[in-house]
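Colleague: I would like a close look at a single part of this model, and at how the aromatic rings and the cysteines fit into the picture. Please take me through it step by step.

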Amino acid sequence: MNPLTKEMFAKMEFEYAPVAVKFSFDKPENTEHMEKVMAFCSFVKEAQTSGKKFYVTAENDDCVGKMVLGMVDMPTFESSGRAGYDFEVFRTPAANARLYYTNPRFNRGASNYCTFAPLSICDFDPDLIIVVADTRQADLLMRANSYISGDLWEGRDSHVMSCSWQFVYPYISGKVNHLVVGMHHGQKVRKPFPDGMQIISIPFQKIDEITTALSEMHWVPISMRPDDQDELARRIDHWKELAPDLMLTKS
């Protein structure tokens with residue numbers, strides 16, 4: 001775990017602590033087994049409120065997370081789409097059933113354990129860093145996502161089984177994904193965070209890049225820094241020398 005990563009994320013002063021996540025086939029060493037049973041996505045909030053590192057297994061999850069992570073086989077009832085129909089989320093079971101063929105999930109048995117820890121005490125190389133951010137913080141993180149690579153921003157999601165997009169999709173795609181709190185059936189019932197906040201999942205492939213970007217880039221762009229408007233005007237005037245027909249202005 002890069003100490004600079006912890007430093008940069010601490011500097012952002014999140015209301016809810018960033019959480020490191022690790023998927024593993026083998027039982028984690030020197031890690032406490034969580035005894036509580038809850039929906040898989042709720043373990044992010046548990047790590048934030050407890051301030052502890054812990055791991056969970058299929059027995060800890062009472063929702064679809066254990067299926068999405070491949071800890072158990074997908075039961076035929078869920079695959080039928082009947083649950084989403086009875087919850088009145090979908091018009092027909094068929095509409096719900098599509099998600100079990102399209103939403104990303106791990107192969108059966110690929111991840112038997114999942115470790116959670118507040119980033120500040122993380123002592124392992126995380127597969128994901130999950131951040132709950134307000135709009136200003138989300139803007140900064142997503143700019144950092146693009147600052148070096150130019151990667152486009154993504155927000156792939158579904159109303160149910162959002163754990164597919166929060167945990168599995170970033171891991172297997174290598175892409176940062178962001179979800180809006182208050183737009184998922186299970187989380188709307190449990191209310192772990194205020195509506196409108198962003199849940200941003202950063203996969204291991206992007207952690208070092210985003211850390212470097214946060215350490216190098218101006219967190220407030222020049223056009224938004226009142227004390228640097230003369231320098232901005234000088235740069236724009238130089239643009240006009242390079243391209244006399246340029247239509248852009250400092251506004």
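**Cysteines, rings and a loop residue**

Modeller: Please keep in mind that this is a predicted model; a search through the whole of it finds zero disulfides. Two cysteines show why. The sulfur of Cys122 has its closest cysteine sulfur in Cys114, at 12 Å, and because a disulfide calls for sulfur atoms within 2.5 Å, that separation is too far for a bond. For Cys163 the closest cysteine sulfur belongs to Cys63, at 6.4 Å, which is likewise too far for a bond. Cys122 counts as buried, with 3% relative accessibility, and Cys163 is buried as well, at a relative accessible area of 7%.

The part to look at closely is the group of aromatic rings around Phe54. The structure holds 15 aromatic pairs, and one of them joins Phe54 to Phe116 in a stacked arrangement, with 5.7 Å from centre to centre and 25 degrees between the planes. Since Phe54 belongs to strand 3 (residues 54-56) and Phe116 to strand 4 (residues 113-118), this pair ties together parts of the chain that are 62 residues apart in sequence. Both Phe54 and Phe116 are buried. The pairing also extends beyond these two rings, for ring pairs link Phe40, Phe43, Phe54, Phe116 and Phe167 into a cluster.

Phe54 leads us on to Thr31, which sits in the loop between strand 1 (19-24) and strand 2 (32-33). When neighbours within four places in sequence are left aside, Thr31 is in contact with Lys53, Phe54, Tyr55 and Thr115. A polar atom of the Thr31 side chain also lies 2.9 Å from the backbone oxygen of Glu29. Although Thr31 is a loop residue, its relative accessible area is 16%, and it therefore counts as buried, the limit being under 20%.

Two further aromatic residues can be set beside this part. Trp219 has Lys11 lying over the face of its ring, at 4.6 Å from the ring centre. Tyr101, placed in helix 7 (residues 99-102), is exposed, with a relative accessible area of 69%, whereas Phe54 and Phe116 are buried. The C-alpha atom of Tyr101 is separated by 19 Å from that of Gly155, a residue 54 places away along the chain.

Notes:
Residues are numbered from 1 along each chain as its sequence is written. This is a predicted model: local features need pLDDT of at least 70, side-chain atom pairs count only at pLDDT 80 or more; totals for chains, interfaces and linings use all residues. Side-chain values use heavy atoms; hydrogens and water are left out. Buried means under 20% relative accessible area, exposed over 50%, partly exposed in between (1.4 Å probe, protein chains only). Rings of Phe, Tyr and Trp (its six-membered ring) pair if their centres lie within 6.5 Å; planes under 30 degrees apart count as stacked, over 60 as edge-to-face and the rest as tilted. Helices (H or I, at least four residues) and strands (E, at least two) are DSSP runs, numbered from the N terminus. A charge sits over a ring if NZ of Lys or CZ of Arg is within 6 Å of the ring centre and within 35 degrees of the ring normal. A polar contact is a pair of N or O atoms within 3.5 Å; within protein, one must be able to donate a hydrogen and the other to accept it, and residues adjacent in sequence count only if both atoms are side-chain atoms. Contact means heavy atoms within 4.5 Å.
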